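Please find below some comments on the model, set out as numbered points. They begin with the chain as a whole and then turn to a single residue.

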Amino acid sequence: MASSALLAVAIGTQAHAQSRAATTAAASNTIEELVVTAEKRSQSLQDVPVAVSAFTSERRDLIGITTVTDLTNFTPGLEYNAQNDRNTLRGVGRNTNVHAAEGSVAQYSDGIYTSSTVEAGKTPLFVDRIEVLRGPQGTLYGRNSIGGAINIISKRPTEDWYAEVRGQVQNYGHTILEGAVSGPTMIPGVLFRAAVGWDKQTEGWLKNTVPGQPNEGNIIDTKIWEVQLAFKPNDKFDGWAKLSGIDWHNQGGGPGSRSTYTKVNFLPGTNGPNVVVNGTNVALPAFLQNSATNPITFPTYQAVNAGITLNPGYACLPTAATGVTGIITAGGLSVAQACQQAAQNDPRSFTSAVPYNVKLTATTIFSSEWNYHFDKMDLKYVVGGTHYHYHLEGPTPVEQAPITQFQLPFVAGNTVIPGVLGAAGTVNPRYAFKYEEKENWISNELNLASSGEGALQWIVGAYYYKENYTQPVSTRLPDQTGKVTNGPFLTNAVCPFTSPACPALAGNNYIYDDKPELEITSKAAFAQIDWKFAENWKTTLGIRYTADHKFGKESVRLLCFDVPGCAGPPERFTNFIIDLSQLPSVISGYIPGGPGAPGTPGVSSLTTVDPATGFATRRYDNKWSATTGTAGIQWTPDSDTMLYGRYSRGYKAGGFRIGIDTVLGALPNTNPEHADAFELGLKKDFGRTFQANVALFHYSYNDAQIPITVAATAGGLAQAQSIFYNIPKSITQGFELETTWQPIDHLQILFNYSYLDAHVEQSKGVIDPADPAALDPAARPIITQAACLAAVGTAAACSADIWTTGLPNGGFQRGQDLSGQSLPNAPKNKVALNVNYTWVMDAGSLTASASYVWRSEQYGSIFNRSYYKAPSYDQVDVRATWKSTDKKYAIIGFIRNLTDTVGYEGGAGAGRRNGVVAAYVTGPNPAGGSATTQIPIIQGIASSYTITPPRTYGIELQYKFF
């Protein structure tokens with residue numbers, strides 16, 4: 001845990017901050033210089049007129065930065081969610097994993113752009129330095145760096161022989177083994193480095209209460225390797241190349257796996273004991289009402305709104321009411337046990353019959369840098385790329401009762417069609433998803449930079465990036481054979497584009513199958529000058545032009561199994577399957593001039609159906625461009641003081657909301673983001689014992705891309721609206737302080753504080769997916785219920801919400817005024833403190849280190865409601881390091897999260913639990929209805945929290961052979 005103010009401590013540097021073996025500043029009581037390349041040339045950190053936090057491998061070892069989450073603790077404004085690999089910097093960041101719309105913080109590994117933050121979590125054996133540049137980097141970095149950039153710089157080959165091994169043992173069966181060797185080769189002017197690492201944990205820190213099912217929480221088996229060559233045939237030319245590979249065969253661990261817990265909240269006013277159906281007030285029995293006296297931890301309605309399969313928790317209702325028989329649970333649990341989600345009362349327990357699995361296979365990364373040195377300028381070419389294949393499997397929804405089979409009853413009016421429909425109503429509801437990312441990208445940058453010591457320094461360059469990816473996602477009923485595997489369909493009338501029949505099923509039990517493919521290109525040219533126009537004054541001017549192009553297609557097939565809203569009550573039809581892929585009310589783009597057809601931004605073709613596979617396909621194409629840049633001035637009145645002011649213009653390309661959770665939506669396009677950022681900063685050394693860096697900033701942030709999915713709530717078959725909503729205007733502003741103090745020999749105190757006010761300035765009419773009727777006491781609807789009632793039957797009609805009909809102010813979806821709401825994952829306050837003391841002895845040195853971090857509450861949504869809020873939390877880490885005098889070995893003991901607190905890696909996600917049951921379950925039939933009329937019910941709002949690891953402890957041994 002360190003920062004720009006912290007990392008300048010103790011470590012001598014070479015031109016590119018390659019660390020020398022040196023006595024630490026904690027022992028010598030001085031704060032020495034750290035050289036970084038944040039502006040693509042070597043500079044002292046204290047001379048860079050940008051807010052930068054830098055982390056050397058030595059400092060990470062000393063204080064204990066082993067993960068990206070650790071990195072955030074001492075980096076002002078930086079947040080990271082390891083569960084979904086998303087980062088945020090000063091309130092600007094990534095809010096989705098849809099690759100058609102990238103993140104807002106750029107990651108560069110050895111100068112090569114990457115969309116993932118995972119590489120920043122590589123151990124200090126592999127990484128020499130990490131630099132976090134805060135604020136838009138609109139000139140030198142450009143591509144999607146509207147929030148900032150993270151530079152990861154590898155350790156490089158050495159001229160002298162070096163070899164080191166490291167081993168680590170922790171609780172939870174966690175072991176880490178790694179080693180590296182470096183030195184000269186037999187070829188003059190050529191150096192090499194090779195390194196390998198293996199990280200394995202066998203016991204999860206999240207406990208599954210289902211017998212026979214695995215625990216989860218960082219159960220990992222990951223391997224990494226790399227080889228490097230450095231070339232210097234003469235003084236004019238040098239080069240460097242690295243080839244590395246990563247392999248994950250994890251269970252419940254790694255990005256995408258379970259690290260959340262869900263708690264259901266009953267919010268008065270958002271649901272009630274009665275619901276109005278066909279004008280009849282239907283009283284809901286107590287067993288359907290979620291309340292403090294009857295907590296329903298798994299949903300128990302028959303089918304969720306807009307669902308395409310039946311809900312396992314339906315078997316949790318009293319069988320005397322539902323008529324359900326033949327209930328089978330996972331692991332031999334009683335029905336009562338299977339119907340209680342353990343996470344409701346213990347955030348580190350859960351109840352699930354569908355495990356997570358995470359893999360990263362055949363992933364190879366190439367990076368290289370080639371330099372030619374002219375007399376007063378350097379020509380540099382940075383080229384590299386990645387082949388990446390990520391796999392994720394798990395439950396969907398995450399919260400489903402571990403019930404694997406039940407039998408539906410026959411009710412009055414049931415119709416069995418012999419030879420067409422299968423066995424009477426046997427349901428195997430276990431529901432799982434499979435998700436992949438298959439990507440290839442190449443990044444090229446050519447720049448020419450001045451290398452002299454004159455008053456005018458300059459750099460010009462060109463950049464080209466190309467990526468192609470597929471991001472298939474599917475859901476399936478793994479245990480449901482028969483209808484889902486082979487059909488036939490209940491009716492072919494829903495397939496007008498392949499008449500007279502719906503295409504045959506593939507036999508893989510997939511209910512939803514989406515295959516987006518996209519090509520992305522980005523081109524840019526840039527220039528920047530730094531002019532020292534007076535003895536103590538320097539100005540910076542930079543400009544960049546970027547052009548982005550994205551095009552591709554998306555193919556989807558969507559089925560529906562046994563869900564009442566698709567064809568009628570399963571109690572009347574027994575098992576049935578329906579193909580929804582050719583219904584214009586569900587899939588957009590079939591009708592020329594209609595929703596989602598050409599003419600809609602980003603859509604380049606009508607939706608068509610492949611008669612052989614049944615997949616509906618639509619194409620996308622769009623281009624965006626922007627001119628960005630920077631202008632700044634800095635004043636250096638003395639060698640220990642630097643003040644700067646800077647303006648930066650940032651840009652992030654537009655994109656598409658496709659794949660993952662969509663079905664060819666009506667509004668797939670999203671506009672680009674722009675930011676105008678102003679920053680004032682002070683970097684000050686007080687002698688050799690105290691250092692303080694201060695930054696004040698203000699952004700005008702336009703068109704932030706926020707994913708919003710609002711299900712249709714009027715009943716019947718209709719498409720959910722899944723879009724990237726562009727917030728018209730937001731403001732992000734704040735204050736950041738980073739300090740290092742060494743009051744006496746061997747004692748070092750590091751302190752950071754940051755205040756962040758990131759909020760929506762202008763936005764109206766957005767619907768809260770967890771509260772579409774805007775019934776929460778904190779909601780600010782822009783239209784009244786009376787106005788919605790008056791508009792019924794007109795073009796201005798509000799969308800109905802049958803789940804809240806009869807409630808005060810209910811019955812309609814109502815958009816809200818979001819002005820003043822905090823942006824997602826932007827805690828207002830962060831505090832970090834580290835104290836370390838070194839005892840120097842003849843045999844070596846012993847350093848004791850203790851860190852304390854605290855951050856305030858934060859929201860996971862642009863709707864600042866209680867159900868989206870993650871509480872404030874703090875954490876204490878302690879660490880002791882013994883180093884021998886000859887620097888050959890070190891022994892480190894550590895405890896992370898000493899007090900075993902529950903921390904939060906971001907704001908909470910939330911969703912309304914609403915679905916339907918048949919009228920025979922609730923009681924008398926509503927007017928004009930029957931025993932199978934669908935009754936809408938709400939069972940609270942479920943909040944999901946991504947949590948930090950529990951207390952972990954271990955010991956590490958490091959040994960250098962030479």
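1. In this predicted model, 60% of the 962 residues of the chain count as buried. The surface that the chain exposes amounts to about 34100 Å², and carbon and sulfur atoms supply 60% of that area.

2. As to secondary structure, the chain has eleven helices and 54 strands. Its radius of gyration is 29 Å, close to the 30 Å that the globule rule gives for 962 residues, so the chain is as compact as a globular protein of that length. Taken along the principal axes, the box filled by the C-alpha atoms is roughly 90 × 55 × 55 Å.

3. Where contacts link residues at least 6 apart in sequence, 73% of them join residues at least 24 apart. With regard to charge, the chain carries 71 positive and 78 negative charges, and the mean positions of these two sets lie 2 Å apart.

4. T805 deserves a separate comment, being placed in the loop between α10 (785-791) and β45 (816-817). Is T805 buried or exposed? With a relative accessibility of 27%, T805 counts as partly exposed, because this value falls between the 20% under which a residue is buried and the 50% over which a residue is exposed.

5. Apart from its neighbours within four places in sequence, T805 is in contact with V275, V276 and G811. The side chain of T805 also reaches the backbone oxygen of D801, at 3.4 Å. By contrast, T805 and I744 are 61 residues apart in sequence, while their C-alpha atoms are 69 Å apart in space.

How values were computed:
Residues are numbered from 1 along each chain as its sequence is written. This is a predicted model: local features need pLDDT of at least 70, side-chain atom pairs count only at pLDDT 80 or more; totals for chains, interfaces and linings use all residues. Side-chain values use heavy atoms; hydrogens and water are left out. Helices (H or I, at least four residues) and strands (E, at least two) are DSSP runs, numbered from the N terminus. The radius of gyration is taken over C-alpha atoms; the globule rule is 2.2 Å times the number of residues to the power 0.38. Buried means under 20% relative accessible area, exposed over 50%, partly exposed in between (1.4 Å probe, protein chains only). Contact means heavy atoms within 4.5 Å. Accessible areas come from the Shrake-Rupley method with a 1.4 Å probe; for residues, only the protein chains shown count as cover. Lys and Arg count as positive and Asp and Glu as negative; His and the chain ends are not counted. The place of a charge is taken as NZ of Lys, CZ of Arg, CG of Asp or CD of Glu. A polar contact is a pair of N or O atoms within 3.5 Å; within protein, one must be able to donate a hydrogen and the other to accept it, and residues adjacent in sequence count only if both atoms are side-chain atoms.
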